[in-house]
Structures are given as structure tokens and as C-alpha cells.
Amino acid sequence: MGSLGSCNQDEGQEMLIKNVCEIYNSLSTLESLKPSKDVNTLFTQLVLACIPPSPIDVTKLSTKVQEVRSKLIRLCGEAEGLLESHFSTLLGSYEIPLDHINIFPYYTNYIRLGHLEYTILSNYIANPNPNHIAFIGSGPLPLTSIVLASNHLRTTTFHNYDINPLANALALNLVSADDDLSKRMLFHDTDIMDVTNGLGDYDVVFLAALVGMNKEEKRKVIDHLAKYMAPGSLLMLRSAHGARGFLYPIVEPSDLPGFEILAVFHPMDEVINSVIVARKSKINPVIVHTVIDHQSLGDLL
């Protein structure tokens, strides 16, 4: 029975890899990744292929498949940026943009992710009402900041960092008509690698999944944060697990020297990103991480 199960597992992984590579080949031939019927169909197929729980370790696949994965992550990043720009522009055409925010097709996923991250965060943060939070890689549609500021952290100031001034202009336009959020959502056209002592002002730093498209780029950002974040402050990272690693870069606990890993959560629903919460070490880090599966989240809630 064990060998039969192993064969079925191998066959399932081979089918998954074949499917992902075929979708990549179709995506790579498109003239544009702007929202369209073809783009939407292919990315829907890709997400549906990668969401089911899978034992696959995408970091140990063949060199050829690794190359496809690396290129696919960049295509996903480009398409995600174009999708967010499209909907941010559309929302910005309304007098009060946030009244229509649910037209974004994945808004409910951000509601779930915001609740998840706030729940995990509240278990480890010293101050339940942090004064300042930074979000690195906020983009033109900063839904995490908006959801957390609106639903969970109603007195916190959110500092949103994105190196693209156009993305920040679109994002600022979304909150300008809101008396509360317009005061608590700040936008910085700054490469986080150029921010040093200022990182020490934040109680929590969020790092978006697509800041650092590969392990080397991601590690540079993490090392920079480890150098300048305040001792005891929290880092919330987005990662991926299993087949979802075809969509987003994977961060392992070993990639975070200078931090104490507090918890790792791998969702098994429509929320694609894994969440890692870590504390900036005050002295030498002691790794005490807890891997939280989907079922045991109830203990936190």
C-alpha cells in the first residue's frame, strides 16, 4: 500500500508540473498581461492547479522546472501589479472609492488574510494598539493596510512603501476621500533598502510576498530589516507552501537570521500566502517556531 501511495503521489506531482509548465508556456506567449479574458482564464487555471494541498517541494525540482518557476513568479508579479493598477484606477473614478472596494474580485481573500494576520499578530505583539506599522511593497491597491486600518487597528498609522510613484499616487487617491484613513495612511516613494534608522520607528513591519522575487533578493531585504528594525519589533512575512510556491517565493525560517521565528501558518483555503511572524532579536536569536496548520488556527481564534 505504501509503494502504491508513493506511485500515485509521484504521478500527481508529474501531472501538476506538466500542467503548470503548459500554463506558463501559454502565458509567456501573450502580448500583454493586462486584465483580459485570456489572461484571467490562464491565471485562474494556474491558481486552481496550485491551491490544493500538495506534498511537492518546488525548491527541489529539476533545473529546467526551477527556471520555469522563477519566470512564472515574475509573470505572476507583473500580472498582479497590472490587475491592481486596473482596479485602483477604476475605484479612483468614484467619488468615494472605498465605498466600492468590493468590486475587486479578490477582496474577500484580503478580508480573510487581514483577519488571519491580525489574529496571529495579536498573540505576539506587546502593544495591542501599535502606533506605527510599515508595509513594504504596498502597491497601487494596498488592501492589507486598508483592511487592517479599517477593521482591526483603528488608531494605528500605516506607512506604505513602494518604489513606484504611480502606484503610490493611485493608492493615495483611494483613501483621500476618507476622513480617517487619509490621516493614517501615509505613502513613501522609497526603496526600503535606502531606509535605515527610520525602520526603528515601527512596531511591526509587513513584507509583501513579491518584494524580492527570488531567495537572494528576498534575503538581502530581510538582512537589511534585521540590521535596522527595533529590537523586539515584529516582522510579518508572506511566503508560500507546497504547489503555491509556483506562484510566490518561498521563505524558510532559516532565511531569517537575526529574528526569532514565532509562528508559521500555511492556509489551505483560497488565501494563497503562508504567513510567518518573527521578532527582531534583542540579543542572539533563539529559534522557537510553531508551524500552525489550517485546523489548529481555531485555537488562536
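Where does I192 lie? Select it first: I192 sits in the loop between β3 (185–188) and β4. Keep in mind as you go that this is a predicted model.

**Stop 1: I192.** Although in a loop, I192 counts as buried because its relative accessibility is 4%, and buried means under 20%. Now show its surroundings. Setting aside neighbours within four places in sequence, I192 is in contact with I136, Y161, L199, V221, H224 and L225. Add G137 as well: 55 residues separate G137 from I192 in sequence, while their C-alpha atoms are 8.9 Å apart in space.

**Stop 2: helix α8.** Next, select residues 215–228, which form helix α8. Its 14 residues should span 20 Å at 1.5 Å a residue, and the end C-alpha atoms are 20 Å apart, so the two agree. Colour the buried residues of α8: K218, V221, I222, H224, L225 and A226. Then bring up what covers them, including β1 (132–136), β4 (204–207), β5 (234–239), β6 (259–265) and β7 (274–280).

**Stop 3: the cores.** The largest nonpolar core has 64 residues, and L207, L225, L235, L256 and F259 have the most contacts inside it. Apart from that core lies another, of 35 residues; try selecting V20, L46, C50 and Y248, which are among them.

**Stop 4: the cavity.** Finish at the 1 cavity of 30 Å³ or more that the structure holds. It contains about 40 Å³ of space. To see its lining, select N214, K215, K218, R219, I222, P249, I250, V251 and D255. Colour that lining by type and you will find 4 nonpolar, 1 polar and 4 charged residues.

Key:
Residues are numbered from 1 along each chain as its sequence is written. This is a predicted model: local features need pLDDT of at least 70, side-chain atom pairs count only at pLDDT 80 or more; totals for chains, interfaces and linings use all residues. Side-chain values use heavy atoms; hydrogens and water are left out. A nonpolar core is a set of buried Ala, Val, Leu, Ile, Met, Phe, Trp, Tyr and Cys residues joined through side-chain atoms within 4.5 Å. Buried means under 20% relative accessible area, exposed over 50%, partly exposed in between (1.4 Å probe, protein chains only). On a 1 Å grid over the protein atoms alone, a cavity is a set of points where a 1.4 Å probe fits but cannot get out, and a pocket is an open set with protein on both sides within 12 Å along at least five of seven lines; lining residues have an atom within 4 Å of a point. Grid points are joined across faces, edges and corners, and a volume is the space filled by probe spheres set on the points. Ala, Val, Leu, Ile, Met, Phe, Trp, Tyr, Cys and Pro count as nonpolar, Asp, Glu, Lys and Arg as charged, and the others, Gly among them, as polar. Helices (H or I, at least four residues) and strands (E, at least two) are DSSP runs, numbered from the N terminus. The expected span of a helix is 1.5 Å times one less than its number of residues. Contact means heavy atoms within 4.5 Å.
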